[in-house]
Amino acid sequence: MIDLDKVRSNFPSLSLKDENENQIIYLDGPGGTQVPSIVIDAISNYYRQSNSNTHGEFITSKETDSIMDSMREKVAQFLGAESKECISIGQNMTTLNYSLSRGLSKIIKKGDEVIITELDHEANRGPWKTLESYGIKLVEVALLKDGTLDYNDFKNKINQRTALVAMGMSSNALGTINDFNFIKKITAKYNSLLLLDAVHYAPHFSIDVKSLDCDFLICSAYKFYGPHVGLLYSRPGLLDTLDPDRLIVQEQFAPYKIETGTLNHAACSGVSAAIDFISSIGEGNSYREKLVSAYKKISNHEYELASNLYSHLDSLDNVTIIGQDFSNKNRTPTVSFIHKKYSANEICKKLGKVNICAWDGHFYALKAIQKLNLEKTGGVTRLGVSLYNSQEEINRTVKVISSF
Ligand SMILES: Cc1ncc(COP(=O)(O)O)c(C=O)c1O
């Protein structure tokens, strides 16, 4: 079990109050989580002690090199990757995915096909749509009304020409977890590359790229208690076969090959600290074991709170939940709903007035919200449970929503 008081004491921003002394409740985690002191300190210490560019012959530059190396090593452990050479850094997931699509555009042949899904965030759709201008065909897997992907549609659409399948591990709008193991079996049959968007999955579950057997996986540290840095895993050897936009003066090999310009070294030291923070919640003999054990605790805690939130909201006459129920654990702790009397934005305004943070709209999962016929009415209200949330916070939120 999680020692919640201890966990919460790490996050300075949890103590913020509004002018009416309402303690802030963060249910906006899927848009970005709060950050523990260890991350804040790592970032400010970088500027105090190690600030420099890389590959110089002096102390701060050598420290920056070692901070960057150790960060790649920690991310590799975090994702279960083969080595730090598989980990590339970017501004955020969207930017990395655009670079990847540019790099692949020169490899994937005219007439080949790329599969995306209707459930995905635009960051895993838009970059692949640019390939259409190279004569590559885009194919979309349909979203069903219950918030899951149509796997029969996927089976019908994949074929010998499918060069790449780009899909999310879970939906940031609905909390659906996709059947990526099934997808992998089929992509393997057709020799298609598999890219997984783990942005909404990584805050809630541990990831093991080797057992996922994916070719690329992308996530964003600001969704798991870190700063705004995008992280890309590429299967060993794969990045070197791509042809991304590149300055001739930068390294032409993995993991640097897809990175451009000077990285945000301070934020990168914050990424290491965020992973250290997660590992400190778990037990085990190795860093990886601690991370896996931490995630078991995190997902159990979050599931308990979110399933409770779900069942209370589901019992309210004015509320309709959009997405799957919590009858099995194959769900992220993200609960989206619409209200009979108020739009999603009105609900968020009312919650905001009592210091409860929640998002409304489509959260860039535009196609999914359109497909569910919810775009014109302003989308859904999304409540995302994170590691630091408590049962009291859920009770208070349910009480407030019941009063609308
Ligand atoms: C599922 C998913 N994919 C991709 C992104 C884009 O990530 P970034 O903001 O790092 O570009 C988000 C951001 O909300 C997301 O939730």
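The paragraphs below go through a predicted model, from one helix to aromatic pairs, salt bridges and two loop residues.

Because the model is predicted, local features are reported only where pLDDT is at least 70 and side-chain atom pairs count only at pLDDT 80 or more, whereas totals for chains, interfaces and linings use all residues. Residues are numbered from 1 along each chain as its sequence is written, and side-chain values use heavy atoms, with hydrogens and water left out.

Helix α4, residues 93-105, is a convenient place to begin; helices (H or I, at least four residues) and strands (E, at least two) are DSSP runs, numbered from the N terminus. Helix α4 has 13 residues and reaches 18 Å from its first C-alpha to its last, close to the 18 Å expected at 1.5 Å a residue, where the expected span is 1.5 Å times one less than the number of residues. Just at the start of this helix, a side-chain oxygen of Asn92 reaches to within 3.3 Å of the backbone nitrogen of Thr94; a polar contact is a pair of N or O atoms within 3.5 Å, and within protein one must be able to donate a hydrogen and the other to accept it, while residues adjacent in sequence count only if both atoms are side-chain atoms. The buried residues of α4 are Met93, Leu96, Asn97, Leu100, Ser101, Gly103, Leu104 and Ser105, buried meaning under 20% relative accessible area, exposed over 50%, and partly exposed in between (1.4 Å probe, protein chains only). These buried residues pack against β2 (87-90), α5 (126-129), β5 (162-168), β6 (193-197), β7 (216-220) and β8, with contact meaning heavy atoms within 4.5 Å.

Turning to the aromatic rings, a search of the whole structure finds 16 aromatic pairs. Rings of Phe, Tyr and Trp (its six-membered ring) pair if their centres lie within 6.5 Å, and planes under 30 degrees apart count as stacked, over 60 as edge-to-face and the rest as tilted. One of the pairs joins Phe11 and Phe277 edge-to-face, at 5.4 Å centre to centre and with 85° between the planes. Phe11 lies in the loop between α1 (4-9) and β1 (25-26) and Phe277 in helix α9, so this pair ties together parts that are 266 residues apart in sequence. Both Phe11 and Phe277 are buried. Phe277 also pairs edge-to-face with Tyr225, at 6.2 Å centre to centre and 65° between the planes, which links helix α9 to the loop between β7 and β8 across 52 residues. Tyr225 counts as buried because its relative accessibility is 1%, and Phe277 does so at 3%. Ring pairs link Phe11, Tyr26, Tyr225, Phe277 and Tyr388 into a cluster.

Charged side chains form a second set of links, and the search of the whole structure finds 19 salt bridges, each being a side-chain nitrogen of Lys or Arg within 4 Å of a carboxyl oxygen of Asp or Glu. In one of them, the closest N and O atoms of Arg72 and Glu259 are 2.6 Å apart. Since Arg72 lies in helix α3 (residues 59-79) and Glu259 in the loop between β8 and α9, the pair ties together parts that are 187 residues apart in sequence, and both Arg72 and Glu259 are buried. Another salt bridge joins Glu113 and Lys137, with the closest N and O atoms 3.8 Å apart. Glu113 lies in strand β3 (residues 113-117) and Lys137 in strand β4 (residues 137-141), so here the parts tied together are 24 residues apart in sequence. Glu113 is buried, with a relative accessible area of 3%, whereas Lys137 counts as partly exposed at 48%. The side chains of Lys129 and Glu122 meet in a salt bridge at 3.6 Å, N to O, and Glu122, Arg125, Lys129 and Glu140 are linked in a network of salt bridges.

Glu259 leads on to Arg246, whose side chain reaches the backbone oxygen of Glu259 at 2.5 Å. Arg246 is found in the loop between β8 (230-234) and α9 (265-279), and is buried yet has no salt bridge, the nearest side chain of opposite charge, Glu251, being 5.2 Å away; Lys and Arg count as positive and Asp and Glu as negative, while His and the chain ends are not counted.

Tyr342, by comparison, lies in the loop between β10 (334-339) and α11 (344-353) and is partly exposed, with a relative accessible area of 26%. Not counting residues up to four places away in sequence, Tyr342 touches Ile347, Lys350 and Phe404.
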